[in-house]
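Dear colleague,

I am handing over the structure we spoke about, and below it you will find my notes on what turned up when I went through it. Please read them with the coordinates open beside you.

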Amino acid sequence: MKDKDYQEIFSQFKGKEADLLPILLRIQEKEGYISEEAIRRISKFLKLSENQIYGVASFYPKYRFNPPGRKSIKVCMGTACHVRGGKFLSDAVGWKLGINIGQTTEDKRFDFQRATCLGCCTLGPVVKINDDVHSRMLVTGLKEILEKHD
Ligand code: FES
């Protein structure tokens, strides 16, 4: 993002601590993620430490700190999916892609996120790749869906 993009976003706020989450959201909508540069600028604008900003932002799964991949994989970690094996799926996705939650593969092919609920709990465990929802996912089916989304 350029200087003017930050100025445009900051001009909509008064610089109070309560502005943090909406500012993060605006920046992520514009840039696709929250960069280190964005954290530095927010820190100056809101007079909060960078650690405070990371601490708050990292609590919410929707904020990402890496550029998005061409495809975004979200593994549901909500209760219904968790009890049906969501954690195993999440581990398997991370292992297959060689990245952790919140990261993007080096080739920018996939980014890997967790979701708290994708709204189809009875179909869990659920994995979403961009807009495609894969329900009742098994670890053994991951290879196939990752190749399908290549
Ligand atoms: S808990 Fe996974 S879709 Fe609701």
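What does the accessible surface of the protein come to, and what percentage of it belongs to carbon and sulfur atoms? The surface comes to about 8,900 Å², and 50% of it belongs to carbon and sulfur atoms. Please keep in mind throughout that this is a predicted model.

To begin with the overall layout, the C-alpha trace spans about 50 × 30 × 25 Å along its principal axes, and of the 150 residues of the protein 40% count as buried. The protein has seven helices and four strands, which run α-α-α-α-β-α-α-β-β-β-α from the N terminus on. The domain assignment gives domain 1 as residues 3-57 and domain 2 as residues 71-148, with the C-alpha centres of domain 1 and domain 2 lying 29 Å apart. If we consider the contacts between residues at least 6 apart in sequence, 60% of them join residues at least 24 apart.

Turning to the interior, the largest nonpolar core holds 17 residues, and those that touch the most other members are Leu20, Ile23, Leu24, Ile27, Ile34, Ile42 and Ile53. Two or more residues of this core come from each of helix 1 (3-10), helix 2 (20-31), helix 3 (36-46) and helix 4. Leu20 is a useful place to start looking, and, leaving aside residues up to four places away in sequence, Leu20 touches Ile42, Leu46, Leu48, Ile53 and Val56. There is also a second, separate core, made of 15 residues, which includes Val75, Ala92, Val93 and Ile99.

As for charged pairs, a search of the whole structure finds eight salt bridges, and I describe some of them here. Asp3 forms one with Arg41, where the closest N and O atoms are 2.6 Å apart; with Asp3 in helix 1 and Arg41 in helix 3, this pair links parts of the chain that are 38 residues apart. Asp3 is partly exposed at a relative accessible area of 43%, and Arg41 likewise counts as partly exposed, at 24%. Asp3 and Arg41 also belong to a network of salt bridges that links them with Glu37 and Arg40.

A further salt bridge joins the side chains of Asp111 and Arg64, at 2.9 Å from N to O. Because Asp111 lies in strand 2 (residues 110-115) and Arg64 in the loop between helix 4 and strand 1, the pair ties together parts that are 47 residues apart in sequence. Both Asp111 and Arg64 are buried.

Asp91 and Lys87, by contrast, are four residues apart in helix 6 (residues 86-97), so about one helical turn separates them, and their side chains meet in a salt bridge at 2.8 Å, N to O. Asp91 counts as partly exposed at 40% relative accessibility, and Lys87 is partly exposed as well, with a relative accessible area of 39%.

Finally, on the outside, Val56, Phe59 and Tyr60 make a nonpolar surface patch of about 280 Å². Phe59 is found in the loop between helix 4 (50-57) and strand 1 (71-76); since residues over 50% relative accessible area count as exposed, Phe59 is exposed at 60%.

With best regards

Conventions:
Residues are numbered from 1 along each chain as its sequence is written. This is a predicted model: local features need pLDDT of at least 70, side-chain atom pairs count only at pLDDT 80 or more; totals for chains, interfaces and linings use all residues. Side-chain values use heavy atoms; hydrogens and water are left out. Domain bounds come from an automatic or database domain assignment. Patches are made of residues with over 30% relative accessible area and no salt bridge: like charges are joined within 9 Å, nonpolar side chains (Val, Leu, Ile, Met, Phe, Trp, Tyr) within 5 Å. Accessible areas come from the Shrake-Rupley method with a 1.4 Å probe; for residues, only the protein chains shown count as cover. A salt bridge is a side-chain nitrogen of Lys or Arg within 4 Å of a carboxyl oxygen of Asp or Glu. Buried means under 20% relative accessible area, exposed over 50%, partly exposed in between (1.4 Å probe, protein chains only). Contact means heavy atoms within 4.5 Å. A nonpolar core is a set of buried Ala, Val, Leu, Ile, Met, Phe, Trp, Tyr and Cys residues joined through side-chain atoms within 4.5 Å.
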